[in-house]
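Student: Could you go through this protein with me, starting with its surface and then moving inside?
Tutor: Gladly, let us put it on the screen and begin.

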Amino acid sequence: MSNSTVLSRVEKAKRQHILAESLAKQAFAKLCATEPSALSIGHTEEGKPYCPQIPAALSISHSEGEVVVLVGPERARLGIDVQHVDERRSYHELAERFIDPGRAEWILKAETPLRFCYVWTRMEAMMKATGKPLLKLLATPELEGLPLASSCYRTEEGMFVLSVYGCEVTLPFARPLFA
């Protein structure tokens with residue numbers, strides 16, 4: 001992999017991060033009838049995003065040009081994750097190494113990495129909502145009855161899995177604004 005490829009991926013991630021924060025400000029501004037320019041997005045020591053001017057919950061995710069933002073009531077436990085399904089990649093080693101044996105077996109039976117991304121996004125959304133470590137969540141059998149929803153969709157850029165943890169939420173969604 002050349003340095004220009006690495007730099008372009010880094011630059012792409014920076015742009016997605018900027019877009020995500022802009023969407024978050026727009027969502028907060030709409031909820032509070034204020035201007036997005038009057039708001040800022042900060043990050044806790046753990047890296048969790050928040051808006052210092054507005055007491056509300058916030059979760060952000062981006063992958064391969066897709067950007068999603070989830071905003072909810074201040075004390076809401078919510079999380080969102082989006083993941084590009086790289087159909088050229090095998091996730092079997094990661095599944096065997098990090099994921100609970102029951103779910104890993106389900107993933108390994110698949111002919112596609114879609115199942116791995118489904119499990120990964122669900123656990124990542126849960127991690128963002130609960131603060132529990134991702135590796136611990138991946139290694140634990142999934143509990144029934146969680147406020148967790150997942151969907152799969154396809155864009156020109158490929159297939160994506162989106163998982164949301166929480167309820168009573170507003171979900172602004174943006175299509176990629178750049179390649």
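Student: How much area does the protein expose, and what share of it do carbon and sulfur atoms supply?
Tutor: The protein exposes about 10300 Å², with carbon and sulfur atoms supplying 53% of that area, where accessible areas come from the Shrake-Rupley method with a 1.4 Å probe and, for residues, only the protein chains shown count as cover. Please keep in mind that this is a predicted model, in which local features need pLDDT of at least 70 and side-chain atom pairs count only at pLDDT 80 or more, while totals for chains, interfaces and linings use all residues. Residues are numbered from 1 along each chain as its sequence is written, and side-chain values use heavy atoms, with hydrogens and water left out.

Student: And what percentage of the residues count as buried?
Tutor: Of its 179 residues, 42% are buried; buried means under 20% relative accessible area, exposed means over 50%, and partly exposed is in between, for a 1.4 Å probe and protein chains only.

Student: How many helices and strands are there?
Tutor: The protein has 5 helices and 8 strands, arranged along the sequence as α-β-β-β-β-β-α-α-α-α-β-β-β. These are DSSP runs numbered from the N terminus, with helices being H or I of at least four residues and strands being E of at least two.

Student: At what angle do α3 and α4 cross?
Tutor: Helix α3 (residues 101-108) and helix α4 (residues 114-130) have axes that come within 8 Å and cross at roughly 145°, where axes are lines fitted to C-alpha atoms, for helices over the stretch in contact, and angles run from 0 to 180 degrees between N-to-C directions. On the α3 side the contact (heavy atoms within 4.5 Å) is made by R103, W106 and I107, and on the α4 side by R115, F116, Y118, V119 and M123.

Student: Which members of the largest nonpolar core touch the most others?
Tutor: That core has 20 residues, of which I99, F116 and M123 touch the most other members; a nonpolar core is a set of buried Ala, Val, Leu, Ile, Met, Phe, Trp, Tyr and Cys residues joined through side-chain atoms within 4.5 Å. The elements giving two or more residues to this core are α3, α4, α5 (134-139) and β7, and α4 gives the most, with 7 residues. A second, separate core of 17 residues includes F28, C51, V67 and V69.

Student: Switching to S163, is that residue buried or exposed?
Tutor: S163, which is found in strand β7 (residues 158-165), counts as buried because its relative accessibility is 0%. Its side chain makes polar contacts with the side chains of T121 (2.7 Å) and S150 (2.6 Å). A polar contact is a pair of N or O atoms within 3.5 Å; within protein, one must be able to donate a hydrogen and the other to accept it, and residues adjacent in sequence count only if both atoms are side-chain atoms.

Student: What about A33, where is its place?
Tutor: A33 is in the loop between α1 (3-32) and β1 (42-43), and its phi is near 50°, a positive value in a residue other than glycine. A33 counts as exposed because its relative accessibility is 76%.

Student: And where is E64 found?
Tutor: E64 is in the loop between β3 (56-63) and β4 (66-73), with a positive phi of about 50° although it is not a glycine. At 43% relative accessibility, E64 counts as partly exposed.
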